[in-house]
Structures are given as C-alpha cells and as structure tokens.
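Please open the model in your viewer and keep the selection panel at hand. The tour goes from the place where the chains touch to a single helix, and then to a single residue.

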Amino acid sequence: MTGWLGAVTSTDHKRIGLTLGVCSLFYFLLGGVFALLMRTQLAQSNMQFVSDNSYNELFTMHGSTMIYLFVTPMAIAMAIYLVPLQIGATRLSAPRLCLAGMWTWLCGGLVMQQGWFASGGAGRTGWSSYAPLSNGTNTPGVGQDLWVVGVILAAAGMLVMAACVVATVARRRAPGMSLLRMPVFTWTALVSMLMVVGAFPMLVVVMVLLYIDRHGGHIFTGFEGAIDYQDLFWFFGHPVVYVMFFPYLGAAAEAIAVNAHKRWFGYIAFVASIMAFAALSMAVWSHHMYVTGGVTNQYFAFTSTALLVPAGIEYFDMIGTLIGGSIVLRTSMLFALAFFLQFLIGGLSGIFVASPVLDYQAYGTYIIVAHFHYTLFAGSIFGFFAGVYHWFPKITGAVLRERLGKLQLLVMVVGTNMTFFPMFFLGNDGMPRRVSRYPTHPGWGTLNEIETIGAGVIALGVLTFLINVFVSLRRRVPAGDDPWLGHTLEWATTSPPPPLNFEAPLPPIRSYAPLLDLREAEMDRARRPAEVPAS
Amino acid sequence: MQVWSPVGAIQGLIDTRTEYDHLFSIYVPIAIGVFVLIVVLVLAAVLIYRRRPPERAARWHEHNPLEGTYAVLLACVAGFLLYLTFTAEHKVDTVANQEHPSVVIRVSASKWEWAFSYPAYGFTVRSGVVGRQPLVVPAGEAVRFEITSLDVIHSFWIPALRYKHDAIPGSTQIATLVFRRGVFPGQCAEFCGLRHADMIFTAQAVSPAAFATWARSRGTAAAP
C-alpha cells in the first residue's frame, strides 16, 4: 500500500519508524515554540509577556513534549528504522504490536496537548510532576489529568515499540550476525531499548498511581509519600536520560567512523562500556533527591560518579577512531564532532552535580538547566542531526545540501552556546529554575538577554534545516546505494530500501563493518597483482 | 575572602560555603582541563588526518591493554573525586547535627510564604507574597533551622551559603548553618505552584549583640 493509508497501516518497520520520526519532529517544533515563549518572558526581569500560570504550563509542556514526545520516541524511531537494516533482517518482530504502540504513543501526545484547551490550563507541575503539588487538591483540573493520561499512553506505546526492537535483535539477525558483530548504532539502540523495557513500566505505574491519588486515592501523602513518588519517578526518570543519549551516541559514532574511513575503535570496550553505563543508570536515580533528606546520598554519589568511567571510554574510542583515519568533514561528521564536544560540557557538569555537597547549591537552579540542556540539546540533538545527514540519503534516496547543512551547524552551535552557557553563571549566582520572573540583580538581565537571543538563533538553525529538507526533496540529488562508503549492511541495499529490505544476497558478515571488510579485501587484491599466479 | 565575624565564635564550626568553594576549586579546574585536552586532541586529529585518500586509513581498531589501563586511570579519578566529596559531605551533613546552636529557628514553608519563628523569643516573621520581613540571624554562630512545609514541597535556599534543604510536608528536618555578616537573598528552590517566583526572603546576619537586641524587641522594630 502506498500514500497516506500505507503510512497509517503498514507494518513495514521503515514506514513505522518514519511516521514515528516525523510525528516526533512535529512535537520538537511545538516544544521549541514553547521554549521561545518562555525565553521571551525571561528576557528581562519582571516581564509580563505571559502570566505566571501560562509560564508554568509552558515549562511543563516544553519539558514533557521534548522528553516524552520528541527525544525518546525519536531515539526509538531511529532504532525501528535502522536496526533491522543493520542486522540484515527483512522485517521487525511483532510489527503489528509495534504499529499499535506507535499509535498509542501518538494518541498520548495528542491527549497531553489537549490540556491547552482545558479550563485552568494544561499540565503545570513540571515534567516530573512531584506529589503532593500534582495531587487533586494542589493542582485541580482536567488539564493536569490529561497530562497524566497522556504520559501513561505515550509511555505504554514506547514500551511496546522498544520491546519489538529488542525481540528483533534477539530473533532476526542475519546468518553470521553474531551479537559481537552488530554495528555500533545497533548496540546503542539495543541497550537503550533494554532500558526502556526495564524502566518504562515504572513510569506507567507511577502515573496510574498519581491518577488514583488525584481522584481521592491519597496515595502519595506525608513525608514518605513525597519521597516515594520521587523514588518511583526517578527510577524511570534517570534511565530515560540515557535512553535519550545512547542512540544519538551511536548515530554520531557511525558518522565518525564512516567519515574517517576507519572502523570504530575499541568495539569490545565500547560495548562493555555502554552495558556498564546502562546497568549503572538503573542505580543512580536518587541523585535527583540529595536535598530531600530522604535518601542515602553517598551511595548515589558513588554510582553517579562511577559513570565517568564508561563515559570516558566512549571519548577514548572516538579519538581512537579519528587517529589514523582519512577524515572528510561532511555535515554529518561536523554534527557528530559537535555532539561529542558539546556533550562533554554536559557530562563534566554532570560529574559536578553528582557530588552532594556541590548539588546542595546546584539543585533546582539554572546550573541543572544548563547541565541537562548541554546533554540533551547540545548533545543528543546534535547527534540526531548527525544521524539525519548520515541516513537521509538512505531513507529518501536524495542527499541533503551540504552548504545549508554547514550553515545550520554554525548557526546552531552559536545559538546553543549563547543560550545554555550563561545558565551556569546564573545558577551559581542564585537563579532558581522554573520561575517566571526574577528580581533585578546585577548581571542577570544581560545574561538572560543573551540566552533569549541565543534561543532565537537556534530557531533560525532549525528553520535552515527545514529549508534544507524541503529543497533537497524538491530538487533531488540522487544518493545511490552507498554515497559515503558506509560500513554497515544498510548501505548494501537500495536507497530507499525495498519492502523486505534486501533484494541482492547479503555480503558475508565477518565483523561489525562488513562493507568495509569487502573494500579492504578489494584494496589488498589491487595492491598485490604480482602475487596472482600467471597461469 | 570575607573576614569572619566575630572570629573567636566560629571555631569548631563547619561552614557550608567554605566546603563548597573548596570542592568547586578542585572539580572545576579538572573539568576545564579535561575539556581543553579533548578539544585539542580532536582538533589535532582532524587537522592531521584530513583529506587523506581512503586507502590510507589505518586498519588497527583495538588496543585492549591501553583501554584497560585508561579505564583504571578513570576509576582512580572517580575514586579521588569521591574521596573529596565524601569528606566534605561528612562535614556538611554533620553540621546539621550540631548539638549546641546559639539560636533555633523554625522554618515553615507554605504557598507562597516563609514563616520563620523564634521559639526562644516567641515571635514569627514572614516573607513571600505577604510581604518582606527579614530573617535575622546572629553572624558567626551556629543557627539551627527546623524546616517543614504545610502543603507541598518547597526548598529553603540561601545561595550565598551554597546550601539548600527541602521543606517536605509531614517531616521536620534539621540544617545548622553558619552565616558571615551581611545581607543575603534567599528563595524557594523547588517548584511549588503558581507564585513560586515570589517565595523569596532576605537573611540578615548581624552581630550576636545586635541580634539579641533585635530578638528581645520581638521583631516589632525595624531590623538593625
């Protein structure tokens, strides 16, 4: 089936992944509009651009839209589209279930956004919606209920989709594709999806409990109730942070390896490090709760600081891949390098806030806002764009314009650092997050103005990207099957791939870079003509 | 550096600000050093290995002993940072249990105001949407805060002290803090609903003698 009906009903993983990705991108633009409205309100102290209530709705819906409806589902979309191709599978396991998950997620997003039309407004207690602030007494109204139900549906949908990817990796790898021959992106996607499977049931449970609490259940009451909510929420809420990181790390890693014409360095160490990372990520959640007095701070400081070991290995491998390579600075490569360097600021500030004594100051301030935007925006979103420029030709059959791509990169790097770097100073100087107004304080006005201008610059960068997509699809430059000398199996089929992914027989799979193996064998034959027997 | 005031009275007390500044002065330079190192390595690698023909790309792709050594090195860095953090945290959290504070102040947070009551003197000052009565404390002495909330979670934060503690309904938690002389803004650091931004207060740390005078006048006169 083709056209709209095909997009709605097809069980082809490429269709599901593409629909999920395009819907996520729509939510990205929506969440970006919320961010621009917030930054306008914060441009100067005591602005009256939006009301206090509207501001609270905006920051809640910005965070919720970006986390539940863009960065996480986009990671899943990339996994659904790319993993079967990379492991040489013809289709996804349980594709109907996956499709149902996609629609459940999409409905969840629409339910959440309907809160804007409810009296009293949309969800307005933050993306983490701490009890007892989020209970029926303190935040009554249909908008907050719609937020809770929306999160339940979105989380359940993503859980199902992630399970389908895990099952596909378990059951549908091509002959020869052992686990330790899976491409780097597939490994990062698999580990992410395992974290979704491990952590998202908790989100569904805690949101169902919150719904009951809001309607007379009185579950999260008193000190224990408040602490319990945070424990349950962050047991989901911290793993999801790495779900929103790994697939973009994998995308950046693939872009770097291919653009360096060299296979990813330290594969085994990398796989071990992301597995250790994922395991630790399930044991760090209460570093969000150092100032509550309700958790054992030392334990969570230990696990959180220990994360620097696997994270450091990933950087080591990235540099090891560059050294000795033959580097082409395409847009995908530049985005991937920007991902690693900008994420580093987020990662290093993460080690900082993992220390309870430092977090006693940083918690709840713009230091935290700066930290997670450096990981999620300056990191993951740049990794996402690296992936887009890398795989767009495979998905559409046309390459994106390089000049517009480099312009987008430049604009986005400037805008991102203008927006998020000053936040470190503001937070250290005492500006709390989630305030719609702030007192006049020396320096704060200037820093906030710079941030607001930076947000506008980011918007221009995103606009450049949309123009690039439009132009590149309108006046197509055909990509061919393998425009970048790819390493992995998705480049061994047509662009876009046929319904069952591969028409020609698969090349032999003897490593995590089977196409590079072929090229290297080819080069060896070309270099040794004399050794060929004369007969 | 500001001078302690009065110098003799703070001996044996642990100052949250000093502990934070000490850790900050170790964590942040290490972070900046690591950032610069990696940026330089990446830029150098890109410049050196640019535009070589693909055939010249090296084929080596693994060095497990090197990676293992590197991982051990990273673990040592993590261990060093944790040692510093645990030492500082032990001090800061022990402050919370100081046995002999010179004054006890009960902090009751509610939407959207702070009520600071002085049980020894029998009065309460309030700040937030209701107005701006200052929280007055004696400088250089241990001040014990008993923090609670009447409705949702708030967070008692004085940025200049580099310390905050949540105010959670159903519990009373202790934070014993030491102030240098001066005027410090404070505010709620946990989102608490519609007028969270207005939940601000001012802490005035004055000499113990001035504090005693002020407290005996039961806060009816303007703060010194």
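Begin by selecting the contact between the chains of this predicted model, to which chain A contributes 68 residues and chain B contributes 68 residues. On the side of chain A that touches chain B, at least two residues each come from α3 (52-86), α7 (222-243), α9 (267-281), α10 (297-306), α11 (308-322), α12, α13 (356-362) and α17 (514-527) of chain A. If you colour these helices separately, look for α11(A), which gives the most to this side, with eight residues. Colouring the side of chain A that touches chain B by residue class instead will show 40 nonpolar, 22 polar and six charged residues.

Next, select helix α12 of chain A, residues 331-353. Its 23 residues should span 33 Å at 1.5 Å a residue, and the distance between its end C-alpha atoms is 33 Å, which agrees. Centre the view on A:Leu344, and you will find there the centre of a kink of about 25° in α12(A). Now show the surroundings of the helix: 23 of the 23 residues of α12(A) are buried, so α12(A) is largely enclosed by the rest of the structure.

Finally, select A:Arg401, which lies in the loop between α14 (366-396) and α15 (402-428) of chain A. Is A:Arg401 buried or exposed? A:Arg401 has 20 other C-beta atoms within 10 Å and is therefore buried. Apart from neighbours within four places in sequence, the residues in contact with A:Arg401 are A:Asn468, A:Val471 and A:Ser472. To end, draw a distance from the C-alpha atom of A:Arg401 to that of A:Val206, 195 residues away along the chain, and the separation should read 45 Å.

How values were computed
Residues numbered from 1 in each chain as written. Chains lettered and ligands numbered in written order. Predicted model: local features only at pLDDT ≥ 70, side-chain atom pairs only at ≥ 80, totals over all residues. Helix = DSSP H or I, 4+ residues; strand = E, 2+ residues; numbered from the N terminus. Expected span 1.5 Å × (residues − 1). Bend = angle between axes of the 7 residues up to and from the residue. Buried ≥ 20, exposed ≤ 12 C-beta atoms within 10 Å, placed from the backbone. Contact = placed C-beta atoms within 7 Å. Nonpolar A, V, L, I, M, F, W, Y, C, P; charged D, E, K, R; others polar.
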